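Notebook open, viewer open. I want to go through this one piece by piece and jot down what I look up.

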Amino acid sequence: MFKFLHAADIHLDSPLRGLERYDGAPVDEIRGATRRAFENLTDLAIEEDVAFVLLAGDLYDGDWKDYNTGLFFARQMARLQEAGIHAYVVAGNHDAASQLTKVLRPPDNVHVFATRAAETRLIDGLDVAIHGQGFPSREVHNDLSQHYPLAQPGRFNIGLLHTSLDGRPGHEPYAPCTPTGLRSRGYEYWALGHVHQREVISDAPWIVFPGNIQGRHARETGAKGCTLVSVDEHRVVGVEHRCLDVVRWAHCMVDVAAATTADDVIDRLGEVLGESASRAEGRLLAVRLCLTGASPLHGWLRAHRERVTNECRALAVAVGAGEVWVEKVLFETRRLESQAAALARDDAFGGLLRAIRDADLDAARLTRLGDELADLNGRLPLELRSGDEAIDLTDPDYIRDKLEDVKALLLERLLQQGGDA
């Protein structure tokens, strides 16, 4: 019996640009997360005494800023070598030969598969055959798996492949293939990479995306890690997900429909942050909050975004003792139907409310306004024009969103003051 680790999409030293714009963002912790997660992978391999480690592409995140990225990888491989553990690597789209101008010769215990054709590496003491082929360039649109050799009889056969399979949302359709095509090779295990969400496609044979080992931004939520595989008599007898991430990203939907005061909203947010922190199991939690529900505070919330966002960040400090960071707060509440009475009033006040509510700019007017604001937009500091919360006065969607904020503020003020007059 033996064990091996299957990991993918390491993205060592991913730059994670734009973090500096967030006041209080744990920039150093997040920037160093891919390295620390990879150290966790090395630790796990040694602790579990695995026979080998498979890295299914995107070890790097494109060209290195300097040689430190390659040297860090070499140090981790040296630790594996001391433990008698080999690593087998295929290049993905981010670390294809065409993407790297700086290279280092891999350590002796690391085999990087060829990119011109599929090749096979044998581990005779274990009767294992590992078949693989890396990406020669960033974009590979043909099915590499078609040219992988058929399984070798009497061995445990593994296919190592960076692929989008038959397509996954948010991932480029590189090296497309099908589960049926993979099964036709006769392998016992397919170690895939490229898709950052863990997914077991099949268990006959095993076809697995382990996901990436560390979420890099708010779209990569949940536990991240690798797959530990146990093999006995040429059969897979165990497949386990093992967490490696040191920073965990989360999306939290917060229903504030029952809240009638600002304090109610803040209390509810505190509860959600506390619950989320407990599920992070001691890791730094980077959370995106989304306020939802039909609320009497709809207008107030949109009008006071900055205050609510900073209240959330203060709560995060309190509940997480520095281990929780609020990345963003989204405001997706709705106006209460009870406010419809004021909007339906057959007088000047009701007409004003309806005019504000229905104020809109068609696509042509939004485009013209964006053109008029282009010069002003170009004068804004670069840090305000980059990242997830970038200001773009030329973008029609951005202008429309800000118009909704203005409408919410006006309606909230008028509804507060209009009373029953």
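**Odd backbone spots**

I started at Ala175, which is found in the loop between β7 (156-162) and α4 (179-183). This is a predicted model, so I take everything here as computed. Phi of Ala175 is near 45 degrees, a positive value in a residue that isn't glycine. I note that most residues other than glycine have a negative phi, and most peptide bonds are trans. Is Ala175 buried or exposed? Ala175 has a relative accessible area of 1%, so I put it down as buried.

Next I went to Glu233, in the loop between β11 (225-232) and β12 (235-243). Phi of Glu233 is near 50 degrees, again positive without being a glycine. Glu233 has 67% relative accessibility and, being over the 50% mark, counts as exposed. So I have a positive phi at a buried residue, Ala175, and one at an exposed residue, Glu233.

I also picked up Asp49, which comes just after α2 and takes a positive phi of about 55 degrees.

Which peptide bond is cis? I found the one from Ala204 to Pro205, with omega near 0 degrees. Pro205 belongs to the loop between β9 (199-203) and β10 (206-209).

**Whole protein, quickly**

I logged 12 helices and 15 strands for the protein. Of its 421 residues, 49% count as buried. Among contacts with a separation of 6 or more, 70% come from residues 24 or more positions apart.

**Helix α2 and its partner**

I looked at α2 (residues 33-47) against α3 (residues 68-82). Two packed helices are described by the angle between their axes and the distance between the axes. For this pair I get an angle of about 15 degrees and axes 9 Å apart. Angles under 35 degrees count as roughly parallel, so α2 and α3 go down as roughly parallel to each other. Their crossing is right-handed.

Which residues meet there? From α2 I have Arg35, Phe38, Glu39, Thr42, Asp43, Ala45 and Ile46. On the α3 side they meet Asn68, Thr69, Phe72, Phe73, Arg75, Gln76, Met77, Arg79 and Leu80. By type, the residues of this contact split into seven nonpolar, four polar and five charged.

I checked the length of α2 too. With 15 residues at 1.5 Å a residue, α2 should span 21 Å, and its end C-alpha atoms are 21 Å apart, so that agrees.

Buried residues in α2 are Ala33, Thr34, Ala37, Phe38, Leu41, Thr42, Leu44 and Ala45. Phe38, Thr42 and Ala45 are on that buried list and also in the contact with α3.

Glu47 is in α2 as well. Is Glu47 buried or exposed? Its relative accessibility is 64%, so I count Glu47 as exposed. Glu47 and Ala83 are 36 residues apart in sequence and 9.7 Å apart in space, C-alpha to C-alpha.

**Strand residues**

Ala56 sits in strand β2 (residues 52-56). With a relative accessible area of 0%, Ala56 is buried. What does Ala56 contact, leaving aside neighbours within four places in sequence? I listed His6, Ala7, Ala8, Val90, Leu160, Leu161, His162, Ala191, Leu192, Gly193 and His194. I also noted the C-alpha distance from Ala56 to Tyr88: 8.3 Å, with their positions 32 residues apart in sequence.

Ile158 is in strand β7. Ile158 comes out at 0% relative accessibility and counts as buried. Not counting residues up to four places away in sequence, Ile158 touches Phe4, Phe52, Leu54, Val128, Ala129, Ile130, His131, Tyr187, Tyr189 and Ala191. Ala191 is thus on the contact list of Ile158 and on that of Ala56. Ile158 and Gly186 are 28 residues apart along the chain, and their C-alpha atoms are separated by 9.4 Å.

**Last stop, Ala151**

I finished with Ala151, in the loop between β6 (128-132) and β7. Its relative accessible area is 24%, so Ala151 is partly exposed. Leaving out neighbours within four places in sequence, Ala151 is in contact with Asn157, Arg185, Gly186 and Tyr187. Ala151 and Arg185 are 34 residues apart in sequence, with their C-alpha atoms 6.0 Å apart in space. Tyr187 is a contact of Ala151 and of Ile158.

Note on methods
Residues are numbered from 1 along each chain as its sequence is written. This is a predicted model: local features need pLDDT of at least 70, side-chain atom pairs count only at pLDDT 80 or more; totals for chains, interfaces and linings use all residues. Side-chain values use heavy atoms; hydrogens and water are left out. Axes are lines fitted to C-alpha atoms, for helices over the stretch in contact, and angles run from 0 to 180 degrees between N-to-C directions. Helices (H or I, at least four residues) and strands (E, at least two) are DSSP runs, numbered from the N terminus. Angles under 35 degrees count as roughly parallel, over 145 as roughly antiparallel, 65 to 115 as roughly perpendicular and the rest as oblique. A crossing is left-handed if the near helix is turned anticlockwise from the far one by less than a right angle, and right-handed if clockwise. Contact means heavy atoms within 4.5 Å. Ala, Val, Leu, Ile, Met, Phe, Trp, Tyr, Cys and Pro count as nonpolar, Asp, Glu, Lys and Arg as charged, and the others, Gly among them, as polar. The expected span of a helix is 1.5 Å times one less than its number of residues. Buried means under 20% relative accessible area, exposed over 50%, partly exposed in between (1.4 Å probe, protein chains only).
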